[in-house]
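Biologist: Could you take me through this model step by step, with the cut-offs behind each term as we meet them?

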Amino acid sequence: MTTTTHNSTAATLDLDAVRAEFPILQQQVHGKPLIYLDSAATTQKPQCVIDAVRAYYECDNANVHRGVHTLSQRATDGYELARDKVRSLLNAKDRAEIVFTRGTTEAINLVAQAWGRTNLREGDEILITHMEHHSNIVPWQLICEQTGAKLKVAPVTDTGELDLGGFKSLLSDRTKLVACVHVSNALGTINPVETLTRLAHDAGAVMLIDGAQATPHLKIDVQAIGCDFYACSAHKMYGPTGIGALYGRRELLELMPPYQGGGEMIKSVTFEKTIYNDLPHKFEAGTPNIAGAIGFGAAVDFLNRIGLDRIAQHERELLDHGMSLLDQVEGLTQIGRAKEKAGAMSFILEGMHPYDVAPILDYAGLAVRDGHHCTQPLMERFGVTATLRASLGVYNRREDLDALIEAIERARKMLV
Ligand code: PLP
């Protein structure tokens with residue numbers, strides 16, 4: 001599979017060198033070395049990304065696409081170069097298919113509104129899964145309310161995998177769009193997105209993939225997957241917050257009306273009629289996050305330099321180590337035991353609420369997430385209101401997971 005292979009021949013990572021690139025990791029929290037295990041929420045930023053944003057503001061800051069002066073041209077070049085880098089990372093055919101957004105959430109809302117308003121009618125169906133992040137649920141609920149379309153939800157098995165039989169049984173000629181997470185932020189499950197796309201297309205539906213948690217861990221090839229839309233967020237990929245991308249197949253983007261109106265997205269405006277700009281600018285109304293896009297480009301360079309195959313291999317080894325350590329903790333249940341998994345380990349502890357454990361871990365210098373991870377329906381499916389989640393980035397070490405287990409054992413002595 002193009003998106004999930006872990007290249008066993010990849011040279012191993014020089015972890016000390018990688019860690020040295022992240023200034024934030026060199027600090028202590030509560031007098032203990034920081035151990036960051038919350039990359040699924042947001043990744044830390046390497047110096048090259050920080051430098052790119054800073055250099056833009058120090059040397060090139062100007063508005064894009066508007067001025068002929070040197071700074072404006074430099075800003076435009078930097079912004080558009082970042083688009084080329086994202087195109088190449090996702091292997092989109094055409095740079096016009098990469099729309100900069102504020103992130104995954106905005107990318108999904110853009111499709112829900114711009115595609116949904118013109119293509120959905122009463123009686124149509126949108127199929128999602130039980131493991132979606134709220135950002136791949138609520139935008140569809142909104143468009144359903146507006147159009148009379150219905151939301152259908154494919155079930156998840158006890159191991160946290162998509163129930164493929166259940167998914168297939170919900171597909172019909174009423175299904176107009178399938179929206180599915182590539183890698184679950186709460187469970188780490190990697191969904192078989194090529195297969196799901198094929199099934200969606202066979203049913204005549206359009207396929208959107210929420211790639212927020214896949215792009216930092218896996219090599220993505222939107223052409224090989226065959227999907228129509230793919231959404232991602234730079235801040236989960238070692239880039240800045242407030243910027244992300246929507247990949248959309250050109251034929252579909254061409255037919256979609258703008259998402260928002262304003263400057264940048266027009267060719268000409270009169271009070272009688274506005275002619276919209278060409279792709280992708282038609283979907284980028286207003287002054288964009290120029291510094292963010294440039295930082296996003298630097299983050300793509302970082303991912304390419306380290307190599308997504310090496311990142312995937314390193315994180316897979318960490319995940320195996322972490323999961324086997326967690327299995328040895330008395331009273332601990334892991335939620336999400338999919339065969340294909342990346343990035344995240346979710347668990348609950350008997351007799352201890354995640355909200356009580358997380359501060360104890362924080363006191364040991366460990367940044368671990370507690371809560372519903374914006375997946376409340378999924379939590380309900382597993383009969384919990386919250387879990388603890390340790391999630392991985394390229395900078396994590398085996399020792400980080402050893403320290404997690406030690407801190408959990410300490411918490412157990414304190415709380416049980
Ligand atoms: N989808 C998934 C699977 C996520 O994990 C997240 C963020 O955690 C999002 C969507 C939303 O991403 P953002 O907040 O960057 O728009």
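Modeller: This is a predicted model, in which local features need pLDDT of at least 70 and side-chain atom pairs count only at pLDDT 80 or more, while totals for chains, interfaces and linings use all residues. Residues are numbered from 1 along each chain as its sequence is written, and side-chain values use heavy atoms, with hydrogens and water left out.

Biologist: How far does helix H4 reach from its first C-alpha to its last?

Modeller: Helices (H or I, at least four residues) and strands (E, at least two) are DSSP runs, numbered from the N terminus. Helix H4 covers residues 104-119, which is 16 residues. The expected span is 1.5 Å times one less than the number of residues, which gives 22 Å for H4, and the reach in the model is close to that, at 21 Å.

Biologist: How many of the 16 residues of H4 are buried?

Modeller: Buried means under 20% relative accessible area, exposed over 50%, and partly exposed in between, using a 1.4 Å probe and protein chains only. Among the buried residues of H4 are Thr104, Glu106, Asn109 and Trp115. H4 is largely enclosed by the rest of the structure, because the buried residues number 12 of the 16.

Biologist: Which side chain has an N or O atom 2.5 Å from a nitrogen atom of the ligand?

Modeller: The residues around the ligand, each with a heavy atom within 4 Å of it, include Thr104, Thr105, His133, Asp210 and His235. A polar side-chain atom of His133 lies 3.4 Å from a ligand oxygen atom, and one of His235 lies 2.7 Å from an oxygen atom of the ligand. The side chain that is 2.5 Å from a ligand nitrogen atom belongs to Asp210.

Biologist: With which side chain does the side chain of His373 make a polar contact?

Modeller: His373 lies in the loop between strand S16 (369-371) and helix H13 (376-381), and His373 is buried, with a relative accessible area of 8%. A polar contact is a pair of N or O atoms within 3.5 Å; within protein, one must be able to donate a hydrogen and the other to accept it, and residues adjacent in sequence count only if both atoms are side-chain atoms. A polar atom of the His373 side chain lies 3.2 Å from the backbone oxygen of Gly371. The side-chain partner of His373, at 2.7 Å, is Thr387.

Biologist: Which backbone oxygen does the side chain of Asn191 reach at 2.8 Å?

Modeller: Asn191 is found in the loop between strand S7 (175-181) and H7, and Asn191 is buried, with a relative accessible area of 2%. Contact means heavy atoms within 4.5 Å, and, leaving aside neighbours within four places in sequence, Asn191 is in contact with residues including Met131, Leu162 and Leu196. The backbone oxygen reached by its side chain at 2.8 Å is that of Val181.

Biologist: Between which domains does the largest nonpolar core lie?

Modeller: A nonpolar core is a set of buried Ala, Val, Leu, Ile, Met, Phe, Trp, Tyr and Cys residues joined through side-chain atoms within 4.5 Å. The largest one has 78 residues, of which Phe167, Tyr230, Phe296 and Val394 touch the most other members, and its largest share, 11 residues, comes from helix H10 (residues 290-306). The domain bounds come from an automatic or database domain assignment. Both domains give residues to this core, so it lies between domain 1 (8-45 + 307-415) and domain 2 (50-304).
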